[in-house]
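This briefing introduces the internal cavities of a protein model and one of its sheets. Please consult the sequence and the structure shown here while reading.

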Amino acid sequence: THFLKAEKCHLFKVEWWNRMTRFLTFTFISLVLVRGGTSSSSATSTQGRSLRSKLRKLFHKNRLHILKERKRIIANRAAAEERELIETEPVASSTTNIFTRIQTKEIVRSAASQIYVNAQSGNDSRDGSSAASAVRSLSRALALVKNKSRPLTGDLIVNLSGTFEKERIVLNENHAGTSSTAKVIFRGGSTPTRLLGGNVLSFVKVSDLASNHPARQLANNAGTSINNLYAAPPPPSFPSNNSNLQWPDGDCRDLDNYRSPPQLSVGGQLMDRAREPNLPQRTKSTNANSMGETRDTWLRTRQSNNAGRTYYKSSNEGSINKASSASWNNDVYMHMFPLVDWYDARVRVGAKTAGDRYFATTTNQNAPGNPDGGNNFRIVSEARYYLEGAIEYLDTEGEYHTSLGSIVAGSRGWTLYYPPNGTDMNSAVLSISTHNIIEVQGEDMHVSFENLAIEGGRGMHLAAVYGRYTDFYQCSFVNSALDMVDVYGTYITFRDCTFEGAGGSAIRMGDDRDFDTDGYGFGLLESGNGIINSLVSDFASSCRHYSEGLSLGGYGNLVSNNHFRSSNMAAVDIALGMARILYNVFSHVSDGSYDDGALHWVAESPMERGNEVAYNVFFRNGVSTEPCNAETSCYQADVYMDDMAGAMSIHGNVFIKDKVEQSAPPNNNYAAIEWLAILVNGGADVNVYENSFLGPPDGSTNGAIYQDKAALFVQTSGGTIWPDGTSCGNTGVCQGDVFYSRMRKYKYNSNPWAAAFPDVTVYNANPAAGSGWRCANTRSCPMASWNNTVVCNSAIGSNRVLAHRALWPSDSESSLSDEANEGVNVPPRNIALKESGNKQGRSFTANIDSIESAGMSSVLEFAKSVAVAGEATPPACDKGARKGATRSDLAGRWKNSCTGSWIFNGISSCDPCNGNICAPRD
């Protein structure tokens with residue numbers, strides 16, 4: 001008890017510091033907004049955007065620290081409640097990297113024991129020893145697992161059959177396996193075994209209900225004919241309190257007990273809550289072969305204000321007045337992105353003022369998406385928003401409305417649904433529960449989940465894993481309010497899984513080790529986490545703030561042969577080092593999101609080193625009809641290395657970024673988009689080689705992108721180009737900053753760091769101060785963009801003059817050329833950048849729309865032809881890539897026979913090039 005009190009006291013201190021940081025952050029952002037404005041001019045807006053970017057990363061890092069502290073307290077509490085304290089010998093630390101580790105011991109399994117569970121025909125009075133004596137409930141099954149004598153001598157298989165509604169699998173160390181040959185395996189049957197955080201709905205046609213039936217009376221208010229609608233009664237567990245069924249006031253990332261209203265999924269796909277304006281209809285299949293799409297439509301504010309007023313445009317007046325007064329006053333919420341996608345503000349609407357064309361908001365937030373700090377609820381001009389909650393908004397296929405009883409008495413809990421033609425109405429699930437469906441908490445758990453469909457949750461996660469050695473194989477995750485799976489541990493793996501319809505991230509993956517417990521070399525310890533051969537689709541559907549397909553923390557993680565698709569946000573966000581992002585396909589992600597990319601790095605220090613992005617296919621990412629409102633940078637890159645992220649290699653990738661649907665900036669509140677394959681915002685030690693880039697032809701975007709030209713590589717020197725007075729090497733980042741203090745803490749210039757990464761030894765973590773010193777002019781400055789190499793890459797297609805080029809801030813084609821001063825605020829190009837052997841594009845034609853319509857196989861064949869076009873031309877072979885440098889035959893799900901070995905035994909355990917044409921991996 002005393003220990004837990006001390007932990008809570010420590011957490012209070014951490015949270016206090018985080019709140020203070022956020023308060024100062026938003027106060028300073030206010031000043032920066034005034035100073036930088038929203039001008040589309042790079043010279044007046046870029047500095048403000050850079051400073052805001054640094055500040056938002058600062059309090060994001062503090063939030064991550066708080067998350068870690070909370071989870072540690074939860075683990076301690078669970079341990080105290082569930083078992084007696086056990087003293088264990090500490091495990092010796094190792095600096096072995098996952099990519100050189102090879103398992104040499106052959107796995108020998110003993111005969112498995114079985115437990116049988118059947119949700120429909122089972123009986124908890126039985127012993128579960130056979131299919132004929134199956135138990136019924138998961139709680140009974142867990143009791144049987146717990147009562148098995150330990151250590152296990154072989155696998156314990158829990159065979160699950162049927163559909164389990166609002167039941168949970170909650171595991172601690174009493175349910176753990178013993179080793180990799182004696183695991184506890186929860187295995188689904190040959191027909192899908194479903195674990196639901198809600199209930200299966202039974203729909204009937206609204207037109208078949210009596211005219212005085214509450215659901216039919218409610219349907220009479222919908223924006224479509226009752227002949228189009230189906231109705232389902234409230235499930236038995238429908239909550240009795242309406243406040244628990246409405247959106248909470250605040251940012252989805254800043255609420256401890258986040259929950260959503262009930263969400264409907266049908267046929268394994270998340271449906272659209274009725275909204276205004278409508279989302280476009282789906283035009284592409286959602287099967288595994290589809291490249292996906294992103295659907296996005298918004299209203300835009302007319303002007304800024306600091307009083308929480310939403311000034312709407314006259315062209316949007318029909319949308320604002322579509323809801324009845326009863327719906328507006330009781331049910332309607334606004335979902336807004338006041339500053340691009342940084343903050344995710346969801347608030348109740350207030351009274352309308354027709355003459356001035358605005359409506360108020362009902363909120364306790366002091367700033368958009370931030371309840372604790374900053375100015376009043378500030379809404380910027382041209383901020384994006386939509387409205388939801390009114391029955392009148394139910395007017396298009398794929399939408400649903402769950403009644404809270406405010407419009408028609410007796411309709412509470414009924415769900416109305418407008419199904420597309422051919423919908424299987426027997427597969428509908430309404431999410432109810434706010435609890436994790438699967439929860440694993442313990443040290444060496446050795447548990448596995450196989451062939452399970454986990455669906456429907458209104459709370460933080462569908463599954464949470466806080467421990468070690470947990471595997472998910474051929475599982476599907478569908479319909480989560482926030483993140484589908486939260487991982488905080490090591491050796492957590494996902495194989496052949498599907499993630500569809502996450503409100504936030506599909507997976508948030510972190511490592512529970514740190515400096516205090518594992519020493520200054522912990523950053524070289526393998527996390528052993530990974531995801532392979534999986535489909536991650538339609539994520540960040542209702543919470544965009546820091547919601548990626550995969551939020552990747554820890555060291556030495558493997559992301560290989562997956563398909564990420566259909567989202568406005570980044571596919572993968574990487575915060576630490578030694579990740580391997582290999583042979584994946586990224587399509588239609590980061591659509592409509594700026595200051596972002598399909599892959600996004602956030603650098604916390606130069607110790608985040610050794611990442612590799614190789615042999616991936618990037619296909620038509622960033623496409624949107626939404627222009628950039630210039631509240632941040634308007635860069636749109638497939639690989640976006642932010643905030644001095646560096647020390648990585650990017651090679652053998654195919655970038656197909658030919659499609660631009662954005663329009664030219666309509667006014668000075670917008671800016672042209674910088675369209676490119678790779679952006680490095682100040683990072684050093686970056687190697688970019690043997691990539692092929694197919695961008696749009698020059699002059700084909702009607703001014704939507706900067707100078708109407710796309711570039712292969714852009715370096716912004718973001719760590720040094722915007723000086724802050726004369727302090728700290730004119731960068732504003734002094735030696736006491738976390739960027740430097742973490743380097744010193746980890747002993748960056750000593751082994752094991754110096755042995756693993758010799759480049760880091762040239763850095764100086766004690767920067768000078770004063771006007772006589774410029775950080776950008778010395779290789780030893782960790783903030784400066786030195787040692788960049790861009791060689792042997794290729795542009796594809798003629799009339800693309802920058803598509804094979806590396807742009808330095810001082811280049812005339814760079815948007816930063818007016819601000820860049822070599823040797824003062826950016827490193828000298830001729831010695832900081834090596835650019836050679838890059839091949840200019842030649843004539844290349846293809847009907848890419850038709851190729852995309854044919855699906856994944858055709859796209860991968862096309863990517864192969866792009867790669868071949870980027871190879872060096874005999875006999876000189878002096879420009880372009882080596883033959884087989886992109887390894888195109890190996891990209892995509894199930895195309896690489898080595899992934900199964902890699903994820904458990906390290907990347908050196910298997911060579912995928914046996915029988916394939918591969919240039920050496922160097």
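How many cavities of 30 Å³ or more does a search of the whole structure find? The search finds 10 such cavities. The model is a predicted one, and the points below describe its two largest cavities and an open sheet of four strands.

**The largest cavity**
- The volume of the largest cavity is about 570 Å³.
- Its lining comprises 37 residues, of which D272, L279, R295, D538 and S541 are the closest to the centre.
- At least two lining residues come from each of the strands β13 (272-273), β17 (333-337) and β20 (384-388).
- Sorted by class, the lining of the largest cavity contains 14 charged, 12 polar and 11 nonpolar residues.

**The second largest cavity**
- The second largest cavity has a volume of about 240 Å³.
- It is lined by 15 residues, and those closest to its centre are P261, R273, G389, T402 and L404.
- Strand β21 (residues 399-402) supplies three residues, the largest share of this lining.
- The lining of the second largest cavity is made up of seven nonpolar, five polar and three charged residues.

**The open sheet**
- Four strands, in the order β7-β23-β11-β12, form an open sheet with antiparallel pairing.
- At its edges lie β7 (198-200) and β12 (269-270), each of which pairs on one side only.
- Two bridges join strand β11 (residues 264-266) to β12 in the antiparallel sense.
- Opposite Q269 in β12 stands V266.

Methods. Residues numbered from 1 in each chain as written. Predicted model: local features only at pLDDT ≥ 70, side-chain atom pairs only at ≥ 80, totals over all residues. Heavy atoms only, no water. 1 Å grid on protein atoms, 1.4 Å probe; cavity = no way out; pocket = protein on both sides within 12 Å on 5 of 7 lines; lining within 4 Å. Points joined across faces, edges and corners; volume = space filled by probe spheres on them. Nonpolar A, V, L, I, M, F, W, Y, C, P; charged D, E, K, R; others polar. Pairing = 2+ DSSP bridges.
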